[in-house]
Amino acid sequence: NSRLVELASYSSWYPQFFDFGYPLQIEMEVSLPQGWVAICSGKKLEDVVRGGRAVTRWFSPRDVDIVIAAAPNYRKKSVRLGDLAIEIYDTQLPEAFIESEGRQIAAVMKLFTDLLGETTVPAGTVKHVYSPKRKGQGRAGIARPGLIVTSEGRTLEALAADAKFSLFQDIAHEIAHFWWNFGAAQGDWINEAFAEYFSALAVEKVISKEQFAGVLNNYRKAVGELPPEAPSLATVPADGSWFVVRYYKGSLMLDFLRRALGDERFFGAARDFFQIYREQAIGTADFRNFWEPKLGDRKAALDAWLDSGGGLPSSERVAR
């Protein structure tokens with residue numbers, strides 16, 4: 001495609017010589033035809049024209065991928081939130097949609113920062129790239145340190161069908177991964193459960209409690225329809241299968257923790273969990289060891305959430 005370059009682990013453009021999910025340090029130089037704009041995860045160190053080509057250098061100290069998105073016709077919308085810069089790149093989306101999204105990203109970043117502390121966004125810049133392609137990865141795309149990549153084609157199709165279409169919760173999920181990204185291997189469900197629940201939390205705090213309740217009801221419906229052979233959170237594979245277990249059942253387990261502990265203790269513990277493990281690569285055992293002591297005599301309920309296969313734990317079904 002002469003209008004687009006998009007390369008990353010999910011497009012298998014390089015031999016995957018590392019275990020995905022474990023942090024690595026990346027330094028790379030991208031050379032493109034003059035006039036092209038490259039956006040990568042990490043911090044931009046240099047942006048020059050050399051030998052008639054556009055050359056950029058990038059550095060990411062703790063990354064899980066090598067991502068390059070580039071096109072000759074990107075437009076950039078910039079928004080500031082204190083010391084944080086928000087950059088949105090697109091080629092043909094409506095201006096009102098982009099402006100609204102800039103405000104939404106700023107609101108979500110403030111919410112998560114207030115709750116969890118500063119994230120390690122490289123160079124203090126959040127970049128959202130609407131890649132000019134018809135399809136794409138996931139609902140809102142993919143998130144890497146400081147970078148979200150979304151299909152512009154899918155977004156345009158959705159706007160054509162519904163002028164009020166919004167990616168709010170989906171983008172909030174990807175933003176949450178700027179914090180929740182240290183679950184590794186089978187423990188990747190930790191990343192997805194926290195990112196999904198915090199995206200629902202963004203709905204509650206930025207939009208309305210009623211919509212938040214609706215989101216949780218949808219999770220409960222989907223989890224309730226899981227077959228008996230669905231794996232538990234403690235055993236669910238990190239290969240992209242069993243989405244409902246990793247995202248929705250994990251979110252409902254976190255909502256159980258919130259109800260059991262109360263907001264003040266839950267969000268304080270979530271902040272501690274992030275701050276303690278943010279530089280590590282953890283799994284289910286680490287999650288269990290951190291959260292069980294918070295529950296006291298209710299820790300058996302957490303074990304039920306983690307270890308039961310199928311849908312909702314029996315105690316949760318009875319409670320509701």
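In what order do three strands form an open sheet, and is the pairing parallel or antiparallel? In this predicted model, the order is 1-6-3 and the pairing is antiparallel. The edge positions are taken by strand 1 (5–7) and strand 3 (37–40); each has a single partner strand, so one side of each is left without a neighbour in the sheet. From one strand to the next, the twist averages 10°. Strand 1 runs antiparallel to strand 6 (residues 68–71), and three bridges join the two. Within this pairing, glutamate 6 has alanine 69 of strand 6 as its bridge partner.

A second open sheet is formed by five strands in the order 7-8-9-11-10, and here the pairing is mixed. Strand 7 (75–81) and strand 10 (142–144) stand at its edges; since each pairs with a single partner strand, one side of each is left without a neighbour in the sheet. The twist in this five-stranded sheet averages 15° from one strand to the next. Strand 7 pairs with strand 8 (residues 84–90) in the antiparallel sense, and seven bridges are found between them. One of the bridged pairs consists of leucine 81 and, in strand 8, leucine 84.

Strand 4 (residues 43–50) and strand 5 (residues 53–63) also run antiparallel and are joined by seven bridges. Aspartate 47 is bridged to threonine 56 of strand 5. The two strands form a hairpin, with two residues between them. In the turn of this hairpin, glycine 51 has a positive phi of about 60°.

Two helix pairs were examined for their packing geometry. Two packed helices are described by the angle between their axes and the distance between the axes. Helix 4 (residues 188–207) packs with helix 7 (residues 263–277) at an angle of about 140°, and their axes are 14 Å apart. Angles over 145 degrees would count as roughly antiparallel; at the angle of about 140°, helix 4 is therefore oblique to helix 7. The crossing in which helix 4 passes helix 7 is left-handed.

For helix 5 (residues 209–224) and helix 6 (residues 243–261), the axes cross at roughly 125° and come within 9 Å. Helix 5 is thus oblique to helix 6. Helix 5 passes helix 6 in a left-handed crossing.

Empty space in the model was also examined. Rolling a probe the size of a water molecule over the atoms shows where empty space is left. The structure holds one cavity of 30 Å³ or more. The space in the largest cavity amounts to about 40 Å³. Its lining consists of Glu101, Gln104, Ile105, Val108, Leu167, Phe168, Ile171, Ala172 and Ile175. Helix 1 (95–116) and helix 3 (168–176) are the elements that give two or more residues to this lining. By class, seven of the residues lining the largest cavity are nonpolar, one is polar and one is charged.

The second largest pocket contains about 240 Å³ of space. It is lined by 13 residues, of which Leu81, Leu84, Met109, Thr113 and Glu118 are the closest to its centre. Leu81 and Leu84 in this group are also the bridge partners noted above, with leucine 84 in strand 8. Helix 1 gives the largest share of the lining of the second largest pocket, four residues. The lining of this pocket divides into five nonpolar, four polar and four charged residues. Helix 1 thus figures in the linings of both spaces: it gives two or more residues to that of the largest cavity and four residues to that of the second largest pocket.

How values were computed: Residues numbered from 1 in each chain as written. Predicted model: local features only at pLDDT ≥ 70, side-chain atom pairs only at ≥ 80, totals over all residues. Heavy atoms only, no water. Pairing = 2+ DSSP bridges. Axes fitted to C-alpha atoms, helices over the stretch in contact; angles between N-to-C directions. 1 Å grid on protein atoms, 1.4 Å probe; cavity = no way out; pocket = protein on both sides within 12 Å on 5 of 7 lines; lining within 4 Å. Points joined across faces, edges and corners; volume = space filled by probe spheres on them. Nonpolar A, V, L, I, M, F, W, Y, C, P; charged D, E, K, R; others polar. Parallel < 35°, antiparallel > 145°, perpendicular 65-115°, else oblique. Left-handed = near helix turned anticlockwise from the far one by under 90°.
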